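User: Please take a close look at the nonpolar core of this chain and the parts packed around it. Give the cut-offs with the terms.

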Amino acid sequence: MFEQTLDPSDTCGCGDTGYLTTRTIPVDLVHGVGHIANVPIYHCRSKNCQEFTLPPIVSRRLDDIEEEMESIQSTEAVYTWMAQGGHSLDPDQRANAETDLQAFTLQFGGREYADAHVVLIVPGQAIFFHSTLEDTEYYLLRYEEDRHSEETWFSFLKFYYDEPELMYEEFLEWSEDGHLKEIGRVTLEEVEDTLTDEFGEWE
């Protein structure tokens, strides 16, 4: 869906594997220190680590947001993607819908439920969960574009994967052999309830 796709994992600023999540970061502006919320970063998930890495495409977008903040003398902003053209919606509506979906998936970064935790996020497209009950059991919440519906739909799938680490590119190739079992389809509004029903409450 997005032209600006971020890899679900890269390197944290500390040198360990970094996983995609979001953070509010400070920025130096001409008129003082500002803050930009919901910035995509890579972090190793260690609570003791204060380091992180910005994806290059995010750094470029931050420069634009900082210029906008300076032009209106603002110290607070929320990270959004640049507007992109659409198909079934006009460009402004399409950009808003994509930004909403991007933000929705990224909010799951680092989330831990009673019976599962998030291991990978493909922004605006998919969220992978690893079961805490069975080591090879995984779940996938995947966006399914449906231009004939006003609802935003996701498929909820289950699969068993015995590789030591789930890497997105390898998963795509592996999943072509039909290893995924669809549990059901849910709308955006039903996602939170569905995940809570399946995995328990999250912290």
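Analyst: What follows starts with the chain as a whole, turns to the core and its surroundings, and ends with a pocket, the cysteines and two loop residues.

This is a predicted model, in which local features need pLDDT of at least 70 and side-chain atom pairs count only at pLDDT 80 or more, while totals for chains, interfaces and linings use all residues. Residues are numbered from 1 along each chain as its sequence is written, and side-chain values use heavy atoms, with hydrogens and water left out.

The chain has four helices and nine strands, taken as DSSP runs numbered from the N terminus (helices: H or I, at least four residues; strands: E, at least two). Along the sequence their pattern is β-β-β-α-β-α-β-β-β-β-α-β-α. Of the 203 residues, 40% are buried; buried means under 20% relative accessible area, exposed over 50%, and partly exposed in between, with a 1.4 Å probe and protein chains only. Among contacts with a separation of 6 or more, 50% are between residues 24 or more positions apart, where contact means heavy atoms within 4.5 Å.

A nonpolar core is a set of buried Ala, Val, Leu, Ile, Met, Phe, Trp, Tyr and Cys residues joined through side-chain atoms within 4.5 Å. The largest one here has 21 residues, and Phe108, Phe129, Leu141, Phe154, Val191, Leu195 and Phe199 have the most contacts inside it. At least two residues of this core come from each of helix H2 (91–106), E5, E6, E7, E8 and helix H4 (191–199). Leaving aside residues up to four places away in sequence, Leu195 touches Phe108, Tyr113, Phe129, Phe156 and Gly200. A second, separate core of 13 residues includes Ala126, Phe128, Leu140 and Leu157. In soluble globular proteins, nonpolar side chains tend to be buried together.

Helix H3 (residues 168–175) has Tyr168, Phe171 and Ser175 buried. Viewed down the axis of H3, these buried residues fall within an arc of 55°, so they line one face of the helix; the arc is that of the directions from the helix axis to the C-beta atoms. Their cover includes strands E5 (116–122), E6 (126–131), E7 (137–144) and E8 (153–160).

E5 also gives two or more residues to the lining of the second largest pocket, as does strand E2 (17–29). The share from E2, four residues, is the largest. This pocket holds about 330 Å³ of space, and among its 16 lining residues His43, Arg45, Ser46, Gly109 and Gly110 are the closest to its centre. On a 1 Å grid over the protein atoms alone, a pocket is an open set of points where a 1.4 Å probe fits, with protein on both sides within 12 Å along at least five of seven lines; lining residues have an atom within 4 Å of a point. Grid points are joined across faces, edges and corners, and the volume is the space filled by probe spheres set on them.

The chain has zero disulfides, a disulfide being a pair of cysteine sulfur atoms within 2.5 Å. The sulfur of Cys14 is 3.7 Å from that of Cys12, its closest cysteine sulfur, which is too far for a bond. Cys12 is buried at 2% relative accessibility, whereas Cys14 is partly exposed at 37%.

Pro164 lies in the loop between E8 and H3 and is exposed at 82% relative accessibility. Gln73, in the loop between helix H1 (56–71) and strand E4 (76–78), has a positive phi of about 55° although it is not a glycine.
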